[in-house]
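Subject: Structure handover

Hello,

Here is the structure you are taking over. Please open it first, then read the notes below with it on screen.

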Amino acid sequence: MKLELRGITKKFGSFTANDHIDLVVEPGQIHALLGENGAGKSTLMNVLYGLYEPTDGEIVVDGEPQKFNGPGDAMRAGIGMVHQHFMLVPVLSVAENVMLGDEYTRSAGILDQKKAREVVRNLSKDYHLEVNPDVLVGDLPVGIQQRVEILKALARHAKVLILDEPTAVLTPQETDHLMDVMRSLKDDGTSIVFISHKLREVRAIADTITVIRRGKVVGQAEPSASPSELAAMMVGRPVQLKVDKEPAKAGDVILDIEGLSVTGPTGQVLVDDVSLEVRGGEIYAIAGVQGNGQSELTEAIVGLIEPTAGRIRLEGADVTDESTDKILGRGVGYVPEDRMHDGLVGSFSIAENLVLDTYDEAPFGNSVSLNLAAISRNARERVDEFDVRTQSAEAAASTLSGGNQQKVVLAREMSRPLRLLVVSQPTRGVDVGSQEFVHKRIVEERDRGTAVLLVSTELDEVIGLADRVGVMYAGKIIGELPPTATAEEFGLLMAGQTSETKETA
């Protein structure tokens, strides 16, 4: 099936998310759509899938213009989509999820569960998507849940399959398996639109690459193009992709965590007996698939949630029960994974956000008043130092792009003397150019003698920045590796496989 997008424009009020985009996907082709977060990739695919109505332009399938009033129309035209955030019902089985919305029935409208299971088994066999049709989806790991989403699309006879950032929640081994599945689908004549911002994966799987920047197509490239060439297309200027750093000069232990556990509100163990040390002048990275306790660990370290067991020490002082304010006052910087909810006040100005945790300290103010001149002067200096792209430091933080919002958080946390920097998902939603800057500043903080605890689900980022790496799975640090370890070694630990589990298997 040949798919064409002709002059697709999508506006939200005065904002243009897609600007006259042309795209052709040939039958049996893996067409990568490459661009930074916010470039307009997902908006374009939501238009194609009928979730958004285009402001202008048309969708053409096999030479026939189409009008989609919803995903049902797109599916009937042979277009399927696997969203970045899965659309599955956890309490239903695999087979029930596959037929949901397109139920197989027998006489008198009785659901034909047997046929649904048969469809799942046959598709699983044909495309190497091994899934038990009777298992509840909520009991499956995320990599297998993604297979269920693909099976849903194939069961509806999708001839064009849209995969939106499909590797975001996968281990390296699961990513390799997904690529094998994509090649199998391609060989069977299915076209795939592969949306990603990961250069290595795009180069490994795509037949052709279209690059989108700020809602416009800025060019096409072959997968033989170098990462530097693709990054320059994405950002609009040359970018240094490799993290430039000297070997660490580790000093004394700054952060000492012993037997730390955190329990959730319903009694589930989120952090399970974690012990680790981070020394001054080193970057200790925690790798792992999102949702394995990393967020709760960092929040416990900075006093946002209370541990149920264990001890946290900063330079020998027990801070397990201290408030966040006191912990930050000890020279701890905290860059949270969700900058808009936890790192910034969107309605506050950039200048105000830059002093959120020091507004009552000299020179910015005291318990009764603020020194607005000092706050304004600090903002101008930090905006310049951290290259925050804004017309004014008095603009609301919510008006900034993701990369510039992240720079504001980093500027605030790194503009005071630090002993420990806790930084979580530092480049999530950040363009390649800003990633280069963020990585450089983290390394500079390490080289000043600060202990850095880095949490990232991007394995390339972990390998590039870390001096030591702990892998977190199901709330535990189940192993440590040097950053020189292979992706396969990391992937096994990220999937929960240690030498002990292999021996008992």
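A residue counts as buried when its relative accessible area is under 20%, as exposed when the value is over 50%, and as partly exposed in between. Arg382 has 15% relative accessibility, which is under that lower limit, so Arg382 is buried. Keep in mind throughout that this is a predicted model.

Salt bridges

Side chains of opposite charge can pair when their charged atoms come close. There are 33 salt bridges in this structure. Three of them are described here.

Arg382 pairs with Glu381, and their closest N and O atoms are 3.9 Å apart. Through shared partners, salt bridges connect Glu381, Arg382, Glu385, Arg441 and Glu444 in one network. Arg382 is buried, whereas Glu381, at 42% relative accessibility, is partly exposed.

A second salt bridge is formed by Lys198 and Glu458, with 3.7 Å between the closest N and O atoms. These residues link distant parts of the chain, being 260 residues apart. Lys198 sits in the loop between strand E8 (191-196) and helix H7 (199-205), and Glu458 in the loop between strand E18 (451-455) and helix H16 (459-465). With 16% relative accessibility Lys198 is buried, while Glu458, with 25%, is partly exposed.

The third salt bridge joins Glu282 to Arg468, where the closest N and O atoms are 2.8 Å apart. This pair also links distant parts of the chain, with 186 residues separating the partners. Glu282 is in the loop between strand E12 (269-279) and strand E13 (283-287), whereas Arg468 belongs to strand E19 (residues 468-473). Is Glu282 buried or exposed? Its relative accessibility is 4%, so Glu282 is buried. Arg468, at 26%, is partly exposed.

The sheet around E11 and helix H9

Four strands make an open, antiparallel sheet, in the order E12-E11-E14-E15. Which strands are at the edges? They are E12 and strand E15 (317-318), each of which pairs on one side only. Strand E11 (residues 253-263) is joined to E12 by seven bridges, and the two run antiparallel. To find this pairing on screen, look for Ile257, which stands opposite Leu276 in E12. In a regular strand the side chains alternate between the two faces of the sheet.

Helix H9 (residues 294-301) lies across E11, E12 and strand E14 (309-314), and runs at about 120 degrees to E11. How many of the eight residues of H9 are buried? Six are, so the helix is mostly covered. The buried ones are Gln294, Ser295, Leu297, Thr298, Ala300 and Ile301. An α-helix has 3.6 residues a turn, so residues three or four places apart point the same way. Just after H9 comes Gly303, with a positive phi of about 85 degrees.

Strand E1 and its partners

Strand E1 (residues 3-12) is largely enclosed by the rest of the structure, because seven of its ten residues are buried. E1 has antiparallel pairings with strand E4 (residues 56-61), over five bridges, and with strand E2 (residues 15-25), over seven bridges. Thr9 has Asp56 in E4 as its bridge partner, and Lys10 has Asn18 in E2. E1 and E2 form a hairpin with two residues between the strands, where Gly13 has a positive phi near 65 degrees.

Phe12 is in E1 and is partly exposed, with a relative accessible area of 36%. Together with Phe15, Leu51 and Tyr52, Phe12 forms a nonpolar patch on the surface, and the four have about 370 Å² of accessible area together.

Backbone details

Two residues have a positive phi of about 55 degrees although neither is a glycine: His128 and Asp387. His128 is in the loop between helix H4 (113-127) and helix H5 (142-155), and is partly exposed at 46% relative accessibility. Asp387 is in the loop between H13 and helix H14 (402-414), and is partly exposed at 30%.

Where is Pro363? Pro363 is in the loop between helix H12 (350-353) and helix H13 (372-385). The peptide bond between Ala362 and Pro363 is cis, with omega about 5 degrees.

Regards

Conventions. Residues numbered from 1 in each chain as written. Predicted model: local features only at pLDDT ≥ 70, side-chain atom pairs only at ≥ 80, totals over all residues. Heavy atoms only, no water. Salt bridge = Lys/Arg side-chain N within 4 Å of Asp/Glu carboxyl O. Buried < 20%, exposed > 50% of the residue type's maximum accessible area, 1.4 Å probe, protein only. Pairing = 2+ DSSP bridges. Contact = heavy atoms within 4.5 Å. Axes fitted to C-alpha atoms, helices over the stretch in contact; angles between N-to-C directions. Patch = residues over 30% accessible without salt bridge, like charges linked within 9 Å, V, L, I, M, F, W, Y side chains within 5 Å. Areas by Shrake-Rupley, 256 points an atom, 1.4 Å probe, with all protein chains shown as cover.
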